[in-house]
Amino acid sequence: MQEQPAYPPRPGELPTTRVTTGIAGLDAILKGGLAPDRLFLVEGMPGSGKTTLALQFLSAGRAAGERCLYVTLSETTEELTAVVASHGLTLDGIDVFDLTSAQTALDAASETTLLHPWEQELGDTVRLITGRIERTQPTRVVFDSLSELRLLAQDPLRYRRQVLALKQFFAGRHATVLLLDDLTGADGRQDLQLHSLCHGVITLERLTLDFGPARRRLQVQKMRGMDFQAGYHDLAIRRGGLEVFPRLIAAEHHRPFAGDPVPSSLPELDALLGGGPLRGTCMLISGPPGAGKTTLALQYVVAACVRGERCVLYQFDERVGTLMTRAARQGMDLTSWIDSGQLRLRQVDPAELSPGEFAVMLRREVETEGVRLVVIDSLSGFEAAMPQERQLILQMHELLANLNHQGVMTLLLYPQHALIDSTIADVSVSYIADTVLLMRFFEAAGRIRKALAVLKNRGGPHETTIRELRIDHAGLRIGEPLTDFEGVLSGTPIYKGQAGPLLKERSSDA
């Protein structure tokens, strides 16, 4: 079984007694796990991950030396073994009660009785189950699935009474029970009466997008007498089982830090920002494609690596190989920093990542690896990689707030839609940033040039001037303020100074 990541609980919130589910992310959502000796409902349409969750639950019990029972009413032992093998797990040490093997005997008995067939089938099935439980005395039990009992009962009232009888049967037996329901017998609708009978309800969902793989998510609907993290949480099914990504709540993760400026080692750039953006803030670098946003971000990355800080760059747009080649041509050799472990370049595969998984991935980098500078290139690539996700900007806001609370400097790159565009970044994007740098193309003396300006800086004072920017084989250069121009940000400036060069060429450029 694959190693599950740790999600440490907040101080004082882990109860003295909880039953682990075997899934670290789900335990974090439940603030430690399930309450022992209770009946829980795990519901979801076929393919949402219920059986995998149940197998991890029993595997955790087996690892703790507990007696575990898996009651299967629909799948055969062979089918269940194949599912377990696909995850690299085993049923060794787990008692499997296959009721499908007893179905023929039950069908024969129903033909020689004066009772309705469904009445005898249901009664015999329940007696077989309770008899097996009385003999084995398990501490963890899984019923897969309630849809078969619902079909046997035929009548909703009789079905509810039977589930209530099962609940009463387990009272005092010191067993934690998961009831799986695939909702097929309920026409795909949640059974609210069943919700009221169970101590807790966990709902799994499988969502099919217009493009890419299916998305899965989880919601804890109720837990009596227990605190838990409400809302939807992304999950993925991989070899080894479910991996759950708890929804990020920034206020729960805070550590003290000094909000000192983060220098770029480029004096002119630092002067623009009054010494540099503050640690624990987010700087948005906005501009058209080709303006130099990534190069500007790499200037901060290299400076941080020189100071001995760890950095990570998530690349949604450009290939990592192309990025490294281009950086080397500009005098920034990233290979040595990557080899030393100070810099990590993460190539994000579009359409393969959910927002929850990305947030957990980034949280591990910060909390486990000690990353102090994060670059996300770019926000539009992040949005394109996760289409049809709801409230994506709000999720990004919560992620950035989490990084800010931990003293991490974040550079967020945002390409504008046109090469020459007089509009500022969308308000829904700029509100998540503490500092905004704007890059522009402009024409002067028959040449396309680049300009840089600071639009806002919540961390303190900043220059209000517009400076020329140039990127060549020697790296990034910042020129003097363009005081002789008007209309640079519009892309059509008017020159009012005397004739002469702007940012002078290097001798090697001639």
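Two strands count as paired if DSSP finds at least two bridges between them. Strands (E, at least two residues) and helices (H or I, at least four) are DSSP runs, numbered from the N terminus. What you're looking at is a predicted model, where local features need pLDDT of at least 70, side-chain atom pairs count only at pLDDT 80 or more, and totals for chains, interfaces and linings use all residues. Residues are numbered from 1 along each chain as its sequence is written, and side-chain values use heavy atoms, with hydrogens and water left out.

**The sheet**
- Here 9 strands make an open sheet with mixed pairing, in the order β3-β2-β4-β5-β1-β6-β7-β8-β9.
- β3 (95-98) and β9 (241-245) sit at the edges with a single partner strand each, so one side of each has no neighbour in the sheet.
- β8 (residues 232-238) and β9 are antiparallel and share 5 bridges.
- Arg238 has Gly241 in β9 as its bridge partner.

**Strand β1**
- 5 of the 5 residues of β1 (residues 39-43) are buried (under 20% relative accessible area, 1.4 Å probe, protein chains only), so the rest of the structure largely encloses this strand.
- Leu39, Leu41 and Glu43 lie on one side, Phe40 and Val42 on the other, and all are buried.
- β1 runs parallel to β5 (residues 176-181), joined by 5 bridges, and Val42 pairs with Leu180 there.
- β1 also runs parallel to β6 (residues 200-207), with 4 bridges, and Phe40 stands opposite Gly200.

**Helix α6**
- In α6 (residues 146-153), 6 of its 8 residues are buried, including Leu146 and Arg150.
- Right after α6 comes Gln154, with a positive phi near 70°.

Definitions and conventions:
Buried means under 20% relative accessible area, exposed over 50%, partly exposed in between (1.4 Å probe, protein chains only).
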